[in-house]
Amino acid sequence: MSIPHGIKRLGVLGAGQMGTGIAFVSALHAKVPVLLHDKSAHQISKGLSLIDKLLAKDVSKGRLQASDAADARARIQTADSVEAMRDVDMVVEAVSENLDLKRAIFREFAAKIRPDAILATNTSSISITKIAGAVIPEGEPAAGEVAKAVSGRVVGLHFFNPVPVMWRVDAMYEYQKLVELISAVQTSQDTLDRSRAFAEACGKEVATSQDVPGFVSNALLMPFINEAIMCLEKGVATRDDIDKTFRLGMAHPMGPLQLGELLIGLDTCLSIQQTLYKGTSDSKYRPSVLLERMVDAQYLGKKSGRGFYEYNN
Ligand code: 3HC
């Protein structure tokens, strides 16, 4: 049977929260075999244990047949290098927010992965056009056919944390169903169509955004979180009252301070905010001093055990 996205094998680079979640929904919902790669063996084993835990929970809650969970788990294998992912039809990069790192990874993808594969990034804010610019082989003219073919395969596919959570029938809103689809200047229509179809096969709904700093999601979300931190910094309200205002006043599932440090991480918030500020020179995106100090102190939120709140990890 032909599938509209044509993805028969997926590679995922980065086994952190996002990469693990992407591997999970791809194997479970899109039923696509996944090769998961991370340079850290520890990160891979953490990612696989989380997947096992999530599948076991879905089975215990009666949402998933044990045999379907076993099939999904069997679809997820690990790869020990990018080379080992060479035959995939699409690769999704989900590493930390660093332009130079992403450009190096995409150069490696373009050199090692089959020449018709889609090269997707889960970046939260970095320009897809800049990443696509990195894949042009040295000496090739940027507007030439070779450059057009390879950079046309680069796309932004931005998932939202927690990626695996999609089905709460009792909730008044749909959890984390979104994938933001971002086209680089160079992205081909075929890449966009197949990427959309793939995200939908993963059980997600797609919203498209232009390739501007932060896209739609983080151009709006990060100033909101930053402004909440500024309110705390200026003593406008307490931590609990800032979060309560949005939980109880605007029906947000969690307040902006909780969201920034529980599901994103204050270091990631700062790096996205810096990308927004650098990319626009607009003072509305200037990171708050308190956000910078929190990151300096490694008070990053849940991931480091302490942020504005404390956690027993
Ligand atoms: N991973 C996997 N599953 C998780 C999870 C995680 N990190 N956190 C919570 N869950 C699961 C719980 O286990 C529970 O599953 P169950 O239904 O099987 O019991 C389910 O989510 C609901 O959890 P709770 O009942 O404990 O609590 P809530 O109803 O408050 O839901 C939440 C938790 C889903 C995290 C919800 O609070 C929420 O949707 N929060 C907002 C999330 C959000 O805004 N995310 C966007 C982050 S921004 C981003 O990702 C973009 C990036 O570029 C910055």
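**Two nonpolar cores and the helix α8 region**

In this predicted model, the largest nonpolar core holds 40 residues, and Leu10, Leu55, Met90 and Phe198 are the ones that touch the most other members. Helix α1, spanning residues 17–28, is the leading contributor to this core, with six residues. Apart from it lies another core, made up of 23 residues, including Ala228, Leu257, Cys269 and Leu270. Such groupings fit a familiar pattern: in soluble globular proteins, nonpolar side chains tend to be buried together.

Leu10 offers a convenient way into the first of these cores. Leaving aside residues up to four places away in sequence, Leu10 touches Ser26, Val32, Pro33, Val34, Leu35, Val88, Met90, Val92 and Phe198. Met90 and Phe198 thus appear again here, as contacts of Leu10.

Turning to the later part of the chain, UniProt lists residues 214–311 in an unreviewed entry as "domain: 3-hydroxyacyl-CoA dehydrogenase C-terminal". Over this range the chain is 64% helix and 0% strand, with 28 Å between the end C-alpha atoms. Helix α8 covers residues 215–234, and at 1.5 Å a residue its 20 residues should span 28 Å; the end C-alpha atoms of α8 are 29 Å apart, which agrees. Buried residues of α8 include Phe215, Met222, Ile225, Ala228 and Ile229, together with the polar-named positions Ser217, Asn218 and Asn226. Ala228 is also a member of the 23-residue core. Just after α8, Gly235 adopts a positive phi of about 75 degrees.

As for confidence, the protein chain has an average pLDDT of 94, and 96% of the residues score at least 70. For the complex, the predictor gives an ipTM of 0.95 and a pTM of 0.94.

Methods: Residues are numbered from 1 along each chain as its sequence is written. This is a predicted model: local features need pLDDT of at least 70, side-chain atom pairs count only at pLDDT 80 or more; totals for chains, interfaces and linings use all residues. Side-chain values use heavy atoms; hydrogens and water are left out. UniProt positions are given in the numbering used here, feature names are shortened, and annotations may be inferred rather than shown by experiment. Helices (H or I, at least four residues) and strands (E, at least two) are DSSP runs, numbered from the N terminus. A nonpolar core is a set of buried Ala, Val, Leu, Ile, Met, Phe, Trp, Tyr and Cys residues joined through side-chain atoms within 4.5 Å. Buried means under 20% relative accessible area, exposed over 50%, partly exposed in between (1.4 Å probe, protein chains only). Contact means heavy atoms within 4.5 Å. pLDDT is the predictor's confidence in each residue, from 0 to 100. The expected span of a helix is 1.5 Å times one less than its number of residues.
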